[in-house]
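This briefing is meant to be read beside the sequence and the coordinates. Please keep both in view while going through the points, which are grouped by topic.

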Amino acid sequence: LSGNEDVPLKTWAATGFADFRLEEYDEFLKHNLVWSVYELCTSQQLQTEGRVMGHCVFSYTDQCLRGATSIWSIRVLNPNDEEGIEKYVLTIAVDNAKRTVTQAAGKFNMNLNQKAKQEKKRRAGSLYVHLLRESGRVMRLWMDKVGLQRSGV
């Protein structure tokens, strides 16, 4: 969010927790969606995630470098969309040692467990609000697959 374009590239090793992919039919949207959960392993990826999502995930860079935290991005793709661009939906922070999800934030820090304020909903759009609700379920499926717990998320 700082707007710094010249962020030095910092990289770190992946945690070993598996990425995740799920293709399913969305009843509300009436077409298939492809959900993906990716680990972010560079400072540039964190900066891009933060810029697209409107939050400060970039501030986790040092924790990721130390291996204490890993950051994950849930994205969705409509395979019928001619643009073929994944939409960013949710950013997840994991305490690697405790194997625990410590935070999950949507666009503009929208929370999965709380109703979004009208201003945030308006800025994000109704399609996004639907995808954010669904991303909580996708996150839980991924967590079950890789053996992660939840910490108030």
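The accessible surface of the chain comes to about 8500 Å², and 48% of that area belongs to carbon and sulfur atoms. The model is a predicted one, and buried residues make up 43% of the 153 residues in its chain. Among contacts between residues at least 6 apart in sequence, 63% join residues that are at least 24 apart.

**Elements and their order**

- The chain has four helices and six strands, and from the N terminus on these elements follow one another as β-β-α-α-β-β-β-α-α-β.
- Strand β2, which covers residues 31–40, is mostly covered, given that eight of its ten residues are buried.

**Strand pairing around β2**

- Strands β1 and β2 run antiparallel and are joined by seven bridges, with E23 standing opposite V34 in β2.
- The same two strands, β1 and β2, form a hairpin with four residues between them, and K30, which lies in the turn, has a positive phi of about 65°.
- Strands β2 and β3 also pair in the antiparallel sense, over seven bridges, and here L40 stands opposite I71 in β3.

**Aromatic pairs**

- The structure holds two aromatic pairs, and in one of them the ring centres of F17 and W72 lie 6.5 Å apart with their planes at 40°, so this pair is tilted.
- F17 lies in the segment before β1 (20–26), whereas W72 belongs to strand β3 (residues 69–77), so the pair ties together parts of the chain that are 55 residues apart in sequence.
- F17 has a relative accessibility of 11% and counts as buried, because the limit for that class is under 20%; W72 is likewise buried, with a relative accessible area of 0%.
- W72 and W142 form an aromatic pair that is also tilted, at 4.8 Å centre to centre and with 50° between the planes.
- This second pair links distant parts of the chain, since W72 is in strand β3 and W142 is in helix α4 (residues 126–146), 70 residues apart.
- W142 is buried, with a relative accessible area of 0%, and taken together the ring pairs link F17, W72 and W142 into a cluster.

**A charge over a ring**

- The charged end of K107 sits over the ring of Y128, at 5.2 Å from the centre of that ring.

**Salt bridges**

- Side chains of opposite charge can pair when their charged atoms come close, and the structure holds four salt bridges.
- In one of them the side chains of R137 and E24 meet, with 2.4 Å from N to O; R137 lies in helix α4 and E24 in strand β1, so this pair ties together parts that are 113 residues apart in sequence.
- R137, at 28% relative accessibility, counts as partly exposed, and E24, at 22% relative accessibility, counts as partly exposed as well.
- K30, the turn residue with the positive phi, forms a salt bridge with E27, the closest N and O atoms being 3.8 Å apart.
- Both partners of that bridge are exposed, K30 with a relative accessible area of 54% and E27 with a relative accessible area of 55%.
- The side chains of R75 and E49 meet in a salt bridge as well, at 3.4 Å from N to O; R75 lies in strand β3 and E49 in helix α1 (residues 43–53), so the pair ties together parts that are 26 residues apart in sequence.
- R75 is buried, with a relative accessible area of 13%, and its partner E49 is buried too, with a relative accessible area of 0%.
- Salt bridges that share partners join E24, E134 and R137 into one network.

**Points to trace in the model**

- Which elements contribute to the pairs described above? Strand β3 holds W72, which is paired with W142 of helix α4, and strand β3 also holds R75, which is bridged to E49 of helix α1.
- Where does helix α4 take part? Helix α4 holds W142, which pairs with W72 of strand β3, and helix α4 also holds R137, which pairs with E24 of strand β1.

Technical notes. Residues are numbered from 1 along each chain as its sequence is written. This is a predicted model: local features need pLDDT of at least 70, side-chain atom pairs count only at pLDDT 80 or more; totals for chains, interfaces and linings use all residues. Side-chain values use heavy atoms; hydrogens and water are left out. Rings of Phe, Tyr and Trp (its six-membered ring) pair if their centres lie within 6.5 Å; planes under 30 degrees apart count as stacked, over 60 as edge-to-face and the rest as tilted. Buried means under 20% relative accessible area, exposed over 50%, partly exposed in between (1.4 Å probe, protein chains only). A charge sits over a ring if NZ of Lys or CZ of Arg is within 6 Å of the ring centre and within 35 degrees of the ring normal. Two strands pair if DSSP finds at least two bridges between them. Contact means heavy atoms within 4.5 Å. Accessible areas come from the Shrake-Rupley method with a 1.4 Å probe; for residues, only the protein chains shown count as cover.
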